Amino acid sequence: MKKPATTAPAPQGLLRVVLPVPLRREFDYLCPLPLPAPGCRVRVPFGNRTMVGLVLSHPEQTEVDLARIKPVTAMLDTSPVLGEAERQLLAWSAQYYLHPPGEVYFQALPTLLRKGEEADYRPVEVWHSLEGDNTTLSRAVKQRQAYELLIQGPMTPGELAARGVTSATLNALAKKGLVQKREQLPARTDWRGEIRIHEDGKPRLTTEQALAVSLLQQAEGFTPFLLEGITGSGKTEVYLQAMEPVLKAGQQVLVMVPEIGLTPQTIARFQRRFALPVCTLHSAMNERERLDAWLACKDGSAAIVIGTRSALLTPFDRLGLIIIDEEHDGSFKQQDGFRYHARDLALLRARQLNIPILLGSATPSFESLHNAACGKYQLLTLSQRPGSATVAEHLLLDSRHVQLEAGLSPQLQQLMAGELEKGNQVMLFLNRRGYAPVLLCHDCGWLADCERCDAHYTWHKHGNRLHCHHCDHQRAKPPHCPQCGSAQLVGTGLGTEQVEQALAALFPQYSAIRIDRDNTRRKGSFEQHLEGIRAGKYQILIGTQMLAKGHHFPDVTLVAMLDVDGALFAGDFRAAERLAQLYIQVAGRAGRASKPGRVVLQTHHPDHALLQDLANQGYRHFAHTALEERCQAGLPPYSYQALFRCQATQGEACRAFLVPLAQQLAPALPASVLCLGPFSARMERKAGQYRYQLLLQAGNRRDLASACRRALAIADTLAAARKVRWSLDVDPQELW
Ligand code: ADP
Ligand code: ZN
Ligand code: ZN
């Protein structure tokens with residue numbers, strides 16, 4: 001029997017949606033009226049499953065056959081999760097980086113929203129303070145600090161952890177009846193109208209600081225600034241004072257910091273100055289914490305947002321200023337998936353919102369220095385440290401012809417002894433963890449090589465294991481040579497473990513601490529080590545670049561870099577820039593307080609122009625020379641690059657894709673675009689994958705972009721593309 005005709009079908013419209021799939025296109029769906037606004041999420045069928053999608057627009061018509069177009073499954077939002085400004089920024093980013101738009105849009109959403117969770121706060125566990133007898137806390141420093149923090153207002157366990165408060169401390173306080181855990185909705189304060197600034201912590205600005213602050217405070221509309229200030233010159237104070245008028249006007253401030261820079265001390269500095277809601281956004285937060293912080297940015301209840309790279313893609317209710325600290329840091333560039341550079345997108349966002357943006361660094365990236373030189377950025381300089389703090393003296397130590405002991409020359413040992421005897425601390429820097437970077441057989445020359453990489457295993461004496469630092473593969477150290485059976489397996493080269501061991505013998509009366517990724521894995525252990533250093537528990541610090549960034553050790557008066565020679569001859573044209581930045585960072589650890597400091601660089605190439613320039617003339621001079629060289633060589637920032645990377649279990653598969661790509665692309669290229677390659681990665685095989693690349697370089701961005709689009713279109717037609725994993729990186733920061 002025929003079904004009786006029911007009511008007319010509900011009126012429907014079309015939705016254009018992006019989905020988190022690696023396809024460079026959008027998708028159309030049918031949806032009952034009223035249609036969800038652009039920026040809302042919907043659940044839609046895709047293949048044989050459903051996915052969360054984001055509505056971009058309501059098209060009038062579609063190229064898809066109406067009979068085949070599918071209806072949405074569910075609507076997830078009543079108001080947009082991404083506003084118009086954010087969507088515009090993301091659309092532009094997808095265009096610029098030529099990345100699948102869905103992946104770009106979904107990068108801007110916290111994981112819970114990607115999964116379809118409601119875009120709202122949930123009650124969370126918070127710790128709050130109770131009235132009680134707190135006299136017992138006078139000697140329990142950590143408990144007292146935690147208690148004082150909670151008196152100012154309740155905090156989540158995550159927020160407390162970010163401020164260095166452990167659960168042990170909280171439990172101890174709970175036992176004393178001074179704090180309690182409860183569930184509550186996160187506070188959504190409207191902080192406008194009652195801006196309190198703690199004036200007591202404000203120092204008198206130096207002339208340079210005052211000039212910078214006044215220029216920043218007067219800035220109206222889109223104005224990019226580059227603040228170049230030597231380590232310890234008081235950049236953070238400039239940030240704090242530049243933020244004042246913005247916050248007073250009720251606008252939010254975004255402070256971006258490198259991955260490693262988001263420490264409890266950083267957060268505390270902002271909190272001490274402003275009695276305002278500060279929220280953090282970083283990868284160590286759990287999904288719920290991230291969503292809550294994201295919502296607080298979006299609805300404006302967070303006044304100051306301190307975050308790492310991804311914070312840049314977060315929606316803000318009324319963003320008034322962007323600050324990027326350590327703007328040269330490599331962690332602002334995402335190295336997989338949507339390969340955006342947060343600094344570059346931040347500039348775009350500031351322009352879009354018509355607000356000032358401040359990039360700060362002791363060692364600005366060459367790109368930024370170039371932009372300042374062309375007048376695109378206003379340059380602010382802090383060349384002096386406030387107060388009596390002195391600038392360190394730089395020395396190059398020739399390590400040729402002398403007997404090194406675990407990498408330490410006799411002259412360096414003497415300098416160390418001198419400082420240690422005066423009760424000062426010494427910091428040794430070596431960017432290689434483990435005991436020795438190579439293990440070989442003394443009798444037959446066998447080398448312990450990783451089976452999956454074109455690389456040697458690093459020998460870690462701790463745990464007696466071999467560890468490949470490229471693919472992370474580990475195995476026990478063999479007792480005998482697998483080739484000749486000899487027991488004479490010896491390490492060559494130097495790692496931090498070895499230096500640590502040697503120090504115990506060379507300076508038995510002083511205690512040394514090693515700081516690298518191997519002994520800071522446990523949560524909180526890094527902080528613990530830092531505390532021990534500040535408290536003077538250790539006199540000698542040996543570490544990798546973990547130790548180089550942002551930590552203040554007032555008693556360190558001698559800093560030595562043991563071995564940078566490898567970086568002098570690296571293939572990447574940015575290697576010199578990175579080495580210089582690292583050197584200045586490391587040097588910045590010396591003499592930060594009132595004690596004068598010394599920076600020593602041990603090298604087999606004391607006459608190398610780069611080292612001479614750095615040690616004697618400083619970073620700015622070095623950068624100037626190096627930029628001239630890049631200009632002559634036509635390298636970025638004087639040209640623009642894009643890199644096709646390709647990997648497969650067989651090198652031939654990579655070539656089968658990249659060779660025809662290059663061949664078909666060549667005739668279509670304008671004269672200003674160079675196509676270089678394909679060539680193999682310097683380490684051709686990594687984790688069992690062969691890696692090849694094709695580099696495009698152009699004199700202007702427009703030609704580069706059209707060449708990339710052309711290449712993408714060709715790639716779509718090549719069957720070999722489906723047998724490899726490949727990606728496009730616009731403005732790559734490194735070659736493979
Ligand atoms: P940077 O970020 O440039 O390395 P910081 O902002 O950390 O430098 O400042 C270094 C130290 O100098 C901090 O302890 C800071 O409190 C202090 N400081 C900053 N500005 C002044 C000033 N004008 N007078 C005195 N001390 C200052
Ligand atoms: Zn052997
Ligand atoms: Zn490996």
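The paragraphs below lead through two zinc sites and one sheet of this structure, which is a predicted model.

The zinc ion (ligand 2) is held by four sulfur donors, the SG atoms of Cys 441, Cys 444, Cys 481 and Cys 484, at distances of 2.2 to 2.4 Å. The angles among these 4 donor atoms run from 105 to 113°, and the site is tetrahedral. For four tetrahedral donors the ideal angle at a metal is 109.5 degrees. Along the chain, the donors of the zinc ion (ligand 2) follow the spacing C-x2-C-x36-C-x2-C. Two of the cysteines can be described by their accessibility: Cys 441 is buried, its relative accessible area being 1%, whereas Cys 444 reaches 31% relative accessibility and therefore counts as partly exposed, since buried residues must lie under 20%.

The zinc ion (ligand 3) is coordinated by the SG atoms of Cys 450, Cys 453, Cys 468 and Cys 471, at 2.2 to 2.4 Å. With angles of 104 to 113° among its 4 donor atoms, this site is tetrahedral, and its donors follow the spacing C-x2-C-x14-C-x2-C along the chain. Cys 453 belongs to the loop between strand 17 (438–441) and strand 18 (458–460), while Cys 471 belongs to the loop between strand 19 (465–467) and strand 20 (474–476), so this pair ties together parts that are 18 residues apart in sequence. Cys 453 is buried, with a relative accessible area of 3%, and Cys 471 is buried with a value of 16%, which falls under the 20% limit for that class.

Further along the chain comes a sheet. Here 4 strands form an open sheet in the order 27-28-26-29, with antiparallel pairing. Strand 27 (673–686) and strand 29 (725–730) stand at the edges, and because each has a single partner strand, one side of each is left without a neighbour in the sheet. On average, and with direction ignored, neighbouring strands of this sheet are turned by 20° against each other. Strand 26 (residues 640–648) and strand 28 (residues 689–698) are paired in the antiparallel sense over 9 bridges, and Phe 644 has Leu 694 in strand 28 as its bridge partner. Helix 21 (residues 701–717) packs on the sheet, where it touches strand 26, strand 27, strand 28 and strand 29, and the direction of helix 21 makes about 25° with that of strand 26.

Terms used
Residues numbered from 1 in each chain as written. Chains lettered and ligands numbered in written order. Predicted model: local features only at pLDDT ≥ 70, side-chain atom pairs only at ≥ 80, totals over all residues. Heavy atoms only, no water. Donors = N, O, S within 2.8 Å, 3.2 Å for Na, K, Ca; no water. Tetrahedral: all angles 85-135°; square planar, octahedral: opposite > 155°, others 65-115°. Buried < 20%, exposed > 50% of the residue type's maximum accessible area, 1.4 Å probe, protein only. Pairing = 2+ DSSP bridges. Helix = DSSP H or I, 4+ residues; strand = E, 2+ residues; numbered from the N terminus. Axes fitted to C-alpha atoms, helices over the stretch in contact; angles between N-to-C directions. Contact = heavy atoms within 4.5 Å.
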